[in-house]
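Thanks for asking me to look this one over. Here are my notes, set out as numbered points you can check against the model as you read.

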Amino acid sequence: MSQNHDAQKTSETRKQPSSHFIKHIIEADLESGKYDGRVVTRFPPEPNGYLHIGHAKSICLNFGLALQYQGRCHLRFDDTNPMKEEMEYVESIKEDVRWLGFDWQDREYYTSDYFQQLWQFAVALVKNGDAYVDTLSSDQIRQYRGTLSEPGRPSPYRDRSVEENLELFEKMRRGEFAEGECVLRAKIDMAAPNIIMRDPTLYRIRKKSHHRTGEKWCIYPMYDFAHCLSDSIEGITHSICTLEFENNRELYDWILDRLNAYHPQQIEFARLNLSHTVLSKRKLIELVRRKYVDGWDDPRMPTISGLRRRGYSPGAIRDFCDRIGVARRDSMVDLALLEHCVRQELNKTAMRVMGVLRPLRVVIENYSEDQSEMLPAVNNPEDESMGTRQIPFSRVLYIERGDFMEDPPKKFFRLAPGREVRLRYAYFIQCEQVVRDENGEIAELRCTYDPETRGGDAPDGRKVKATLHWVSAAHALQATVRLYDHLFTVENPAEQPDFLEMINPDSLETLTGCMLEPGLAKAVSEQRYQFERLGYFSVDPKDSAPGQPVFNRIVTLRDTWAKIQKAQKQQN
């Protein structure tokens with residue numbers, strides 16, 4: 001059985017999310033016998049960029065509905081613009097959908113598969129007097145279109161004869177016109193309240209090789225013309241899209257009516273808006289091209305490939321998409337909810353390990369130099385079946401620099417001169433001396449340990465107020481660790497005059513010389529760990545190398561969303 005099938009089966013068997021209005025529509029259609037009891041959805045990305053978390057919502061919705069109602073979901077690439085589309089994006093989209101746990105099986109389609117049919121549909125509109133070739137420039141077409149308060153004006157070429165339009169359209173197809181010299185427009189109503197209906201463009205000239213059809217075509221259908229007809233050709237029953245396409249539905253219906261074609265039912269839902277990031281493809285492309293981030297898969301990006309590289313799991317993303325639900329109105333979802341979903345899953349599944357990100361050397365003076373021992377450590381207290389592991393302990397250790405203060409304030413309970421603390425899974429130690437370097441900086445601590453406290457408890461019953469994580473210096477794995485934060489400093493950067501000015505300068509902190517317990521040398525990509533007291537981390541699949549591991553922080557341990565919910569409950 002394939003990994004994708006297993007993931008999909010898991011998606012089916014986990015707790016079903018609450019019902020929503022699209023389910024109500026589908027269930028009513030099934031009850032009435034509409035579409036002969038069929039449910040056929042589709043996920044129709046344009047291959048002009050990488051998918052982001054907003055697309056994940058659509059993927060989960062369309063594939064999830066097909067699974068729930070024993071239907072099918074198509075993966076269709078709306079590849080109508082060779083100026084922006086590439087096979088790189090096609091392959092990345094397929095990889096992302098599979099990674100999320102969904103399988104389109106043999107239902108992989110491309111709008112470019114239908115170019116000949118779409119051309120014939122366009123010819124039929126011309127023959128019916130419903131379309132014409134316009135030789136106004138793009139700027140002139142825009143001026144003639146009018147405004148929200150003023151009707152448009154008809155093009156002087158609007159009343160060309162059917163014969164002349166057919167001849168011109170054929171010349172367009174043969175490449176006898178330059179780009180921008182003419183377009184094919186629908187003949188609808190230049191005074192329509194919905195500006196989209198004011199003779200929209202159906203075909204334009206693009207003299208660029210298409211990533212699938214090569215040089216065969218030099219005219220390409222506009223998205224609105226191709227999209228609704230592709231749904232019709234494929235027999236889609238429920239054409240689910242975001243609210244931004246609500247006004248386009250009138251045009252889709254007009255095209256299908258004029259051609260007497262099969263009508264899918266279009267249903268609009270609210271797109272995902274996520275705080276402290278941008279989900280506009282144009283803005284994401286700008287971040288990549290201007291090198292504000294390290295490519296589409298930069299772990300700070302809201303792309304699925306970026307989230308995957310950072311260490312997010314497909315299950316956590318599916319859970320997030322279930323939790324936010326499906327609504328009719330746009331709203332802002334706090335990024336803290338996505339992080340909460342990740343923590344909820346990783347708390348149950350991630351192995352606990354110890355790593356020291358900002359090392360401070362500790363020498364245990366009463367522990368023999370040639371001595372070392374192995375201590376048992378719990379892999380995950382939430383899951384006993386994950387068992388235990390052995391970690392090495394020796395005379396020289398590393399602790400976090402922030403876990404020591406020479407002159408601590410009242411509520412600082414960690415290590416300080418003369419103070420005793422517990423080392424996780426090991427012993428009580430007490431700081432006896434602070435050693436400084438030539439610059440006056442703290443270089444190491446000289447400590448003593450109590451051999452009777454092995455495992456973390458004192459036979460005499462004395463207590464300590466802090467437990468520290470640590471790593472044996474002689475056995476430590478040296479690594480680079482990247483700490484990620486929000487990419488933007490404001491909740492809604494898209495609303496700012498220049499969203500790039502809102503980029504968080506502290507969105508990435510790279511730490512070198514970090515010391516990790518030695519078992520992490522075997523860590524592989526997409527294996528996730530909790531570094532005790534520090535957060536959840538994963539191996540970077542792109543920059544890690546044997547002997548030179550790079551770990552990305554997936555998310556901190558601090559659950560902001562839980563605090564938000566608690567505050568809301570108290571307020572209510």
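The points below cover aromatic rings, charges over rings, some backbone details and a sheet.

1. A word on the source before anything else: this is a predicted model. Please read every value below as computed from that model.

2. Let me start with the aromatic rings, since a search of the whole structure turns up 21 aromatic pairs. One of them joins Phe63 and Phe102, whose rings are stacked, with 5.4 Å from centre to centre and 25° between the planes. This pair brings together distant parts of the chain, 39 residues apart: Phe63 belongs to helix H3 (residues 53-68), while Phe102 sits in the loop between helix H4 (87-99) and strand S3 (108-110). Are these rings buried or exposed? Phe63 has 3% relative accessibility and so counts as buried. Phe102 is buried too, at a relative accessible area of 1%.

3. A second pair to look at is Phe169 with Tyr203, which is edge-to-face: the centres are 5.5 Å apart and the planes make an angle of 70°. Here again distant parts of the chain are linked, with Phe169 in helix H7 (residues 162-174) and Tyr203 in strand S6 (residues 201-205), 34 residues apart. Both residues are buried.

4. Phe169 and Tyr203 also have company. Ring pairs connect them with Phe115, Trp119, Trp217, Tyr220 and Phe225 in a cluster. If you have the viewer open, try showing these side chains together.

5. Next, charges over rings. Arg153 lies over the face of Tyr144, 4.1 Å from the ring centre. Elsewhere, Lys283 places its charged end over the ring of Phe499, at 5.6 Å from the centre.

6. Two backbone angles deserve a look. Most residues other than glycine have a negative phi. Asp36, however, has a positive phi near 55°, and Asp199 has a positive phi of about 50°. Where are these two residues placed? Asp36 is in the loop between helix H2 (21-32) and strand S1 (40-43), and Asp199 is in the loop between strand S5 (183-186) and S6. Their surroundings can be told apart by accessibility: Asp36 is exposed, at 72% relative accessibility, whereas Asp199 is buried, at 0%.

7. Thr111 is another loop residue to inspect, found between S3 and helix H5 (115-127). With 0% relative accessibility, Thr111 counts as buried. Which residues does Thr111 touch, leaving aside neighbours within four places in sequence? Its contacts are Arg76, Phe77, Asp78, Asp79, Thr80, Leu118, Ala226 and Ser230.

8. Last comes an open sheet of 7 strands, in the order S12-S25-S26-S27-S23-S24-S13 and with mixed pairing. Why do S12 and S13 each have one side without a neighbour in the sheet? Strand S12 (351-353) and strand S13 (355-356) stand at the edges, and each has a single partner strand, so one side is left free of a neighbour there.

9. Within that sheet, you can follow one pairing in detail. Strand S25 (residues 528-531) and strand S26 (residues 535-539) run antiparallel and are joined by 4 bridges. Gln530 stands opposite Tyr536 in S26. As background, strands of a sheet pair through backbone hydrogen bonds, either parallel or antiparallel.

Methods: Residues numbered from 1 in each chain as written. Predicted model: local features only at pLDDT ≥ 70, side-chain atom pairs only at ≥ 80, totals over all residues. Heavy atoms only, no water. Phe/Tyr/Trp six-rings, centres within 6.5 Å; stacked < 30°, edge-to-face > 60°. Buried < 20%, exposed > 50% of the residue type's maximum accessible area, 1.4 Å probe, protein only. Lys NZ or Arg CZ within 6 Å of the ring centre and 35° of its normal. Contact = heavy atoms within 4.5 Å. Pairing = 2+ DSSP bridges.
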